[in-house]
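Student: I've got a model to go through with you, and I'd like to do it by question and answer.

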Amino acid sequence: MTYSTLQLEQIEKMAALYMTITDMAVILEIPTEKLRWDISQKDTDVSKAYHKGKASLKLALRTQETMLAKVGSPLALENCRKNLLDMEDDE
């Protein structure tokens, strides 16, 4: 399926709010399984928009968590340690 620029922007914004693919499909009036399939195809614009949206919120949350770790939050420190290990595993 070909998605308009507006639809791609909406998908990216909704993914950045961790909305489900089912909810996105309802809002965009697209069959859920079609949207899910298109997102699963890594080389599509819709997949890129979806994953970019998810990653953008992850970046914001990790930024916040790092700031909390720097001021001594035990949970934030532990999460940052886990994030670092995940990062190193991915290298």
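**Helix faces and loops**

Student: Which exposed residues does H3 carry on the face turned away from its buried side?
Tutor: Ground rules first: this is a predicted model, where local features need pLDDT of at least 70 and side-chain atom pairs count only at pLDDT 80 or more, while totals for chains, interfaces and linings use all residues. Residues are numbered from 1 along each chain as its sequence is written, and side-chain values use heavy atoms, with hydrogens and water left out. Helices are DSSP runs (H or I, at least four residues) numbered from the N terminus, and relative accessible area sorts residues into buried (under 20%), exposed (over 50%) and partly exposed in between, with a 1.4 Å probe and protein chains only. On H3, the face pointing away from the buried side has the exposed pair Glu33 and Trp37.

Student: And how wide an arc do the buried residues of H3 fall within?
Tutor: The buried ones are Leu35, Asp38 and Ile39. Take the directions from the helix axis to the C-beta atoms, since that's how the arc is defined. Looking down the axis of H3, those buried residues line one face, because they fall within an arc of 100°.

Student: Which helices do they pack against?
Tutor: Contact here means heavy atoms within 4.5 Å. By that rule, the buried residues of H3 pack against H1 (5-15), H2 (21-28) and H4 (45-70).

Student: At what angle do the axes of H3 and H4 cross?
Tutor: The axes are lines fitted to C-alpha atoms, for helices over the stretch in contact, and angles run from 0 to 180 degrees between N-to-C directions. The two axes come within 7 Å and cross at roughly 85°. That makes H3 roughly perpendicular to H4, a label for angles of 65 to 115 degrees. So the crossing angle comes to roughly 85°.

Student: How do the residues of that contact divide by type?
Tutor: H3 brings Leu35, Asp38 and Ile39, and H4 brings Val46, Ser47, Tyr50 and His51. Ala, Val, Leu, Ile, Met, Phe, Trp, Tyr, Cys and Pro count as nonpolar, Asp, Glu, Lys and Arg as charged, and the others, Gly among them, as polar. The split is four nonpolar, two polar and one charged.

Student: Is Asp38 buried or exposed?
Tutor: Asp38 lies in H3 (residues 32-40). Beyond its neighbours within four places in sequence, Asp38 contacts Met1, Tyr3, Thr44, Val46 and Ser47. Because its relative accessibility is 6%, Asp38 counts as buried.

Student: What about H2: which residues are its buried ones?
Tutor: They pack against H1, H3 and H4. The buried residues of H2 are Ile21, Met24, Ala25 and Leu28. They cover an arc of only 100° around the axis, so one side of H2 holds Ile21, Met24, Ala25 and Leu28.

Student: What is the phi of Glu29?
Tutor: Most residues other than glycine have a negative phi. Glu29 sits in the loop between H2 and H3 and, at 72% relative accessibility, counts as exposed. Though not a glycine, Glu29 has a positive phi of about 60°.

Student: And which residue in the loop between H1 and H2 has a phi near 55°?
Tutor: At 44% relative accessibility, this one counts as partly exposed. Its phi is a positive value in a residue other than glycine. The residue in that loop is Tyr18.

Technical notes: Helix = DSSP H or I, 4+ residues; strand = E, 2+ residues; numbered from the N terminus. Parallel < 35°, antiparallel > 145°, perpendicular 65-115°, else oblique.
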